[in-house]
Amino acid sequence: QTNLGISLREFYSRVLEPTLLERKMSEAFASSTDPKFASFSTEQAHARQILFQVTNPADDAKVNAQAEKVLAEIKKGADFAAKAKQYGTDGTKDAGGDLGFFGRGDMVKEFEDAVFALKDGELAPTPVKTEFGYHLIKLEEKRTARDFSSFMNERLRTADIKVFGKVH
């Protein structure tokens with residue numbers, strides 16, 4: 001029997017098995033203590049944000065002032081996640097501004113530079129301006145994690161692949 005143009009057997013062999021194999025390889029790679037994988041490590045950060053969007057350049061100073069006011073409240077002990085839900089203007093607000101873990105190169109430069117300059121649990125001392133507006137940032141934690149994609153790309157790049165027979 002077929003569905004979506006392939007049989008169940010083909011689905012298992014062409015989709016499911018490779019996906020499960022990749023997941024198992026990724027898990028083994030991430031938990032390995034083999035030093036040869038150290039060069040594939042990357043720094044990651046888990047941060048929260050409150051974004052105050054600047055939709056009209058004429059409102060820039062007003063938006064910055066509001067961000068500064070909320071930052072002062074947080075510095076006095078207000079809960080960051082609660083303030084994110086109250087003031088955030090992006091999709092992270094419902095999660096208390098939680099961005100989860102991300103690596104270098106995943107965010108705009110100004111935001112990334114500010115996040116990776118912080119220590120675990122630290123709040124950025126001033127709102128950080130990016131093309132999106134003003135961000136209040138709290139770093140939850142930093143970690144070093146192995147990047148399976150870069151490992152696999154390197155393996156493909158250095159693989160000795162020989163093609164026997166006609167390609168076309």
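**Exercise 1. Find what T92 touches, leaving aside its neighbours within four places in sequence.**

Solution.
- Step 1: Outside that window, T92 is in contact (heavy atoms within 4.5 Å) with Q49, G97, D98 and L99.
- Step 2: Now locate T92: it is found in the loop between α3 and β4. Helices (H or I, at least four residues) and strands (E, at least two) are DSSP runs, numbered from the N terminus.
- Step 3: T92 is buried, because its relative accessible area is 13%. Buried means under 20%, exposed over 50%, and partly exposed in between, with a 1.4 Å probe and protein chains only.
- Step 4: The side chain of T92 also makes a polar contact with the side chain of D90, at 2.9 Å. Such a contact is a pair of N or O atoms within 3.5 Å; within protein, one must be able to donate a hydrogen and the other to accept it, and residues adjacent in sequence count only if both atoms are side-chain atoms.

A note before you go on: this is a predicted model, in which local features need pLDDT of at least 70 and side-chain atom pairs count only at pLDDT 80 or more, while totals for chains, interfaces and linings use all residues. Residues are numbered from 1 along each chain as its sequence is written, and side-chain values use heavy atoms, with hydrogens and water left out.

**Exercise 2. Work out the order of the four strands in the open sheet.**

Solution.
- Step 1: Take β3 (residues 41-53) and β6 (residues 133-146), which pair in the antiparallel sense over 13 bridges. Two strands pair if DSSP finds at least two bridges between them. Here F52 stands opposite Y134 in β6.
- Step 2: Add β4, which pairs with β3 in the antiparallel sense over four bridges. The bridge partner of A45 in β4 is F102.
- Step 3: Add β5 (residues 128-130), joined to β6 by three bridges, again antiparallel. V128 has H135 in β6 as its bridge partner, and two residues lie between β5 and β6 in the hairpin they form.
- Step 4: Put together, the order is β4-β3-β6-β5. The edges are held by β4 (98-103) and β5; each has a single partner strand, so one side of each is left without a neighbour in the sheet.
- Step 5: On average, neighbouring strands of this sheet are turned by 45° against each other, direction ignored. Axes are lines fitted to C-alpha atoms, for helices over the stretch in contact, and angles run from 0 to 180 degrees between N-to-C directions.

**Exercise 3. Is R48 buried or exposed, and which backbone oxygens does its side chain reach?**

Solution.
- Step 1: R48 lies in strand β3.
- Step 2: With a relative accessible area of 18%, R48 is buried.
- Step 3: The side chain of R48 reaches the backbone oxygen of G96 at 3.0 Å, and one of its polar atoms lies 3.3 Å from the backbone oxygen of A95.
- Step 4: Not counting residues up to four places away in sequence, R48 touches several others, including F80, A81, D98, L136 and E140.

**Exercise 4. Which residues of α3 are buried, and what covers them?**

Solution.
- Step 1: In α3 (residues 80-87), the buried ones are F80, A81, K83, A84 and Y87. They are on the same side of α3, because they cover an arc of only 160° around the axis; the arc is that of the directions from the helix axis to the C-beta atoms.
- Step 2: Their cover includes β3, α2 (60-75) and β6.
- Step 3: α3 lies across β3 and β6, and runs at about 50° to β3.
- Step 4: At the start of α3, a side-chain oxygen of D79 comes to within 3.4 Å of the backbone nitrogen of A81.

**Exercise 5. Which members of the largest nonpolar core touch the most other members?**

Solution.
- Step 1: A nonpolar core is a set of buried Ala, Val, Leu, Ile, Met, Phe, Trp, Tyr and Cys residues joined through side-chain atoms within 4.5 Å.
- Step 2: Of the 14 residues in the largest one, I50, F52, V70, I74, F80, Y134 and L136 touch the most other members.
- Step 3: β3, α2, α3 and β6 each give two or more residues to this core, and α2 supplies the largest share, five residues.
- Step 4: Apart from this core lies another, of 12 residues, among them A47, F102, A114 and F116.
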